[in-house]
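Here is a set of short exercises for getting to know a new structure. Try each task with the model open, then read the solution.

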Amino acid sequence: MKIAEEKLRQRHLKITPQRLEVLRTVLQMTDHPSADQIYRMVKIRHPTVSVATVYKTLETLVEVGELKVALVTQGRARYDPRVDRHHHFLCSQCGYVEDLEIKLDCLETCFPQALQDRLTIQRSEVIFHGLCPKCDGKH
C-alpha cells in the first residue's frame, strides 16, 4: 500500500480514503473482481462513494501500475493486483478465474511477421477457456 501511495503522490494525486479502500479491496479479493463487485465491497465501508469514483480510481490505479485489467468477460473488465507477467484460466460457465504459472516463450515470436511492421505489441498473455472442476462436475 505504501508503494501505491507514493506512486499516486508522484503523479500529484490525492491519497483519499476511497482510493485506498478501492486498492485494499482489490488486494483482498482473489477472484479478479469487476468494477461493480469492487464498488459493492467499497460501499460497505464508504457508503457515500459513487460508482464513478470507483471506476476512475481503478483507471488511475491501472495507469500508475498498481493494477492491471486481467481480462474482459461479458463486457466487464476484471482487475488483477498481480501486474507481473502471468496467464489465466477462465471458466466459461461460472466466470471463475485462476492465475496460471506457465512458461510460454513462444509468445514473443508467434506474432505474425506481416503484422509486425504495422502494429506494436506491448504485452501478451494467454487465457485458457474451459470448465472449472465445480462446473465440470469432477468434484
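The exercises below start with the whole chain and then move to single helices and residues; the model is a predicted one.

**Exercise 1. The overall plan**

Task: Find how many helices and strands the protein has, and in which pattern they follow each other.

Solution: Begin by counting: there are six helices and five strands. Next, walk along the sequence, and the pattern reads α-α-α-α-β-β-β-β-α-β-α. For the dimensions, the C-alpha atoms fill a box of roughly 45 × 45 × 25 Å along the principal axes. Then look at burial: of the 139 residues, 35% count as buried. Finally, take the contacts between residues at least 6 apart in sequence; 46% of them join residues at least 24 apart.

**Exercise 2. The largest nonpolar core**

Task: Work out which residues of the largest nonpolar core touch the most other members, and which helices supply it.

Solution: This core has 15 residues, and those touching the most other members are Val22, Ile38, Val54, Leu58, Leu61 and Leu67. Now ask where the core comes from: helix 2, helix 3 (35–45) and helix 4 (51–63) each supply at least two of its residues. Helix 3 gives the most, with four residues. As a last step, pick out leucine 61: setting aside residues up to four places away in sequence, leucine 61 touches Val22, Leu23, Glu66 and Leu67.

**Exercise 3. The two sides of helix 3**

Task: Decide where the buried residues of helix 3 sit around its axis, and what they pack against.

Solution: First list the buried residues of helix 3, which are Ala35, Ile38, Tyr39 and Val42. Looking down the axis, these buried residues fall within an arc of 100 degrees, so they line one face of the helix. A general point helps here: an α-helix has 3.6 residues a turn, so residues three or four places apart point the same way. Turn to the face away from the buried side of helix 3, and you meet the exposed residues Arg40 and Ile44. To finish, check the partners: the buried residues of helix 3 pack against helix 2, helix 4 and strand 2 (76–80).

**Exercise 4. Helix 4 and what comes just after**

Task: Compare the span of helix 4 with the expected one, then locate its buried residues.

Solution: Helix 4 has 13 residues and reaches 18 Å from its first C-alpha to its last, close to the 18 Å expected at 1.5 Å a residue. Its buried residues are Val54, Thr57, Leu58, Thr60 and Leu61. They cover an arc of only 165 degrees around the axis, which puts them on the same side of helix 4. Just past the end of helix 4, glycine 65 takes a positive phi of about 85 degrees.

**Exercise 5. Threonine 25 and valine 42**

Task: Say whether threonine 25 is buried or exposed, and find what it is in contact with.

Solution: Threonine 25 lies in helix 2 (residues 17–28). With a relative accessible area of 4%, threonine 25 is buried, because that value falls under 20%. Its side chain has a polar atom 2.7 Å from the backbone oxygen of glutamate 21. Beyond neighbours within four places in sequence, threonine 25 is in contact with Ile38, Met41 and Val42.

Now follow valine 42, which is in helix 3. Valine 42 has 0% relative accessibility and counts as buried. Not counting residues up to four places away in sequence, valine 42 touches Glu21, Val22, Thr25 and Val49.

**Exercise 6. A loop residue with positive phi**

Task: Find where histidine 32 lies and whether this residue is buried or exposed.

Solution: Histidine 32 lies in the loop between helix 2 and helix 3. Its phi is near 55 degrees, a positive value in a residue other than glycine. At a relative accessible area of 5%, histidine 32 is buried.

**Exercise 7. Cysteines and disulfides**

Task: Find how many disulfides the structure holds, and why cysteine 91 forms no bond to the closest cysteine sulfur.

Solution: The count of disulfides is zero. The closest cysteine sulfur to that of cysteine 91 belongs to cysteine 94, at 3.7 Å, which is too far for a bond; the cut-off is 2.5 Å. Cysteine 135 is in no disulfide either, as the nearest cysteine sulfur, that of cysteine 94, is 3.7 Å away. Cysteine 91 also counts as buried, at 2% relative accessibility.

How values were computed:
Residues numbered from 1 in each chain as written. Predicted model: local features only at pLDDT ≥ 70, side-chain atom pairs only at ≥ 80, totals over all residues. Heavy atoms only, no water. Buried < 20%, exposed > 50% of the residue type's maximum accessible area, 1.4 Å probe, protein only. Polar contact = N/O pair within 3.5 Å; in protein donor to acceptor, adjacent residues only side chain to side chain. Contact = heavy atoms within 4.5 Å. Core = buried A, V, L, I, M, F, W, Y, C linked by side-chain atoms within 4.5 Å. Expected span 1.5 Å × (residues − 1). Arc of directions from axis to C-beta.
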